[in-house]
Amino acid sequence: PDFPYTRASSSFSAVAQLYTRSSQLDTAEVRHRRFRDTPPWCHFGCDAFESVRYIFTRCPAFSAIRRAHSIQLCDETSSLLEGKAADHLREVLERAAQRLFSDDAGLWPQYRTRFYVGVLPPLARIVSNMTETEVGVLPPQSHGMGNFASGNAGVLPPQLDSTTMEPKVLSRLAQVWHMHSIRLAGRIWGEYKRRARSLSAVPSDIVTYKSLDTYAYLLPDV
Ligand SMILES: [Zn+2]
């Protein structure tokens, strides 16, 4: 994948591997569908299918991790934009940062967050929508920000008013958001594996799930 990094740490490359293979993450729902060797429900007692998406975005077992990363992301976003963007724009981007790890119709093109596969919401479009509605007509120039949200077909070429926000600031913001997204994904997955392992080491008194096959048609496609 083509990411806007010049420095790569070993943890980054480990996480990059994680999400490039994310269609193969072996959550209970995935294992149930593929191998039939486990019930599809969340390991941590939730009344939900344990899909990849569920683990990363919804399962309360990881909400403390999500919250901690979200706070860090918001702090970094605020200090990055301090004095670098018009007030209204800064507010919009700070609100977006708060919701980066959640499903949100105003932020994500198809409502659902995709942070855990390294995809960002269309940042440039958020900014250009703002400047169109609040500042008026923009000059028809493009600053060529690169494909910082690779894989996201919803990204429009940025057309930024230079008095509002510098393209390099927006680009830096995208890097920060992306880095936090993959860090959080890596952290949740590591924690998931650790906890799932310790659960399976204990003899379980779970009821038998033979009858579940009857309901296989209810399973979501991931
Ligand atoms: Zn759960």
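Contact means heavy atoms within 4.5 Å. The model is predicted: local features need pLDDT of at least 70, side-chain atom pairs count only at pLDDT 80 or more, and totals for chains, interfaces and linings use all residues. Residues are numbered from 1 along each chain as its sequence is written, and side-chain values use heavy atoms, with hydrogens and water left out.

**Exercise 1.** Determine which residues of α4 meet which residues of α5, and how the two helices are oriented.

*Solution.*
1. Helices are DSSP runs (H or I, at least four residues), numbered from the N terminus. Helix α4 spans residues 63-81 and helix α5 residues 87-98.
2. From α4, the residues Ser70, Leu73, Cys74, Thr77, Ser78 and Leu81 meet Arg90, Leu93, Glu94, Ala97 and Gln98 of α5.
3. By class, this contact comprises five nonpolar, four polar and two charged residues.
4. The axes, lines fitted to C-alpha atoms over the stretch in contact, lie 9 Å apart at an angle of about 165°. The two helices are therefore roughly antiparallel (over 145 degrees).

**Exercise 2.** Identify the protein donors of the zinc ion and state whether cysteine 42 and cysteine 59 are buried or exposed.

*Solution.*
1. Donors are N, O and S atoms within 2.8 Å of the metal (3.2 Å for Na, K and Ca); water is not among the atoms, so sites may look incomplete.
2. The SG atoms of Cys42, Cys46 and Cys59 serve as protein donors, 2.1 to 2.3 Å from the zinc ion.
3. The spacing of these donor residues in sequence is C-x3-C-x12-C.
4. Cysteine 42 lies in the loop between α2 (28-35) and α3 (52-57), and cysteine 59, 17 residues apart from it, in the loop between α3 and α4.
5. Cysteine 42 is buried (under 20% relative accessible area, 1.4 Å probe, protein chains only; exposed is over 50%, partly exposed in between) at 7%. Cysteine 59 is also buried, at 0% relative accessibility.

Methods: Axes fitted to C-alpha atoms, helices over the stretch in contact; angles between N-to-C directions. Parallel < 35°, antiparallel > 145°, perpendicular 65-115°, else oblique. Nonpolar A, V, L, I, M, F, W, Y, C, P; charged D, E, K, R; others polar.
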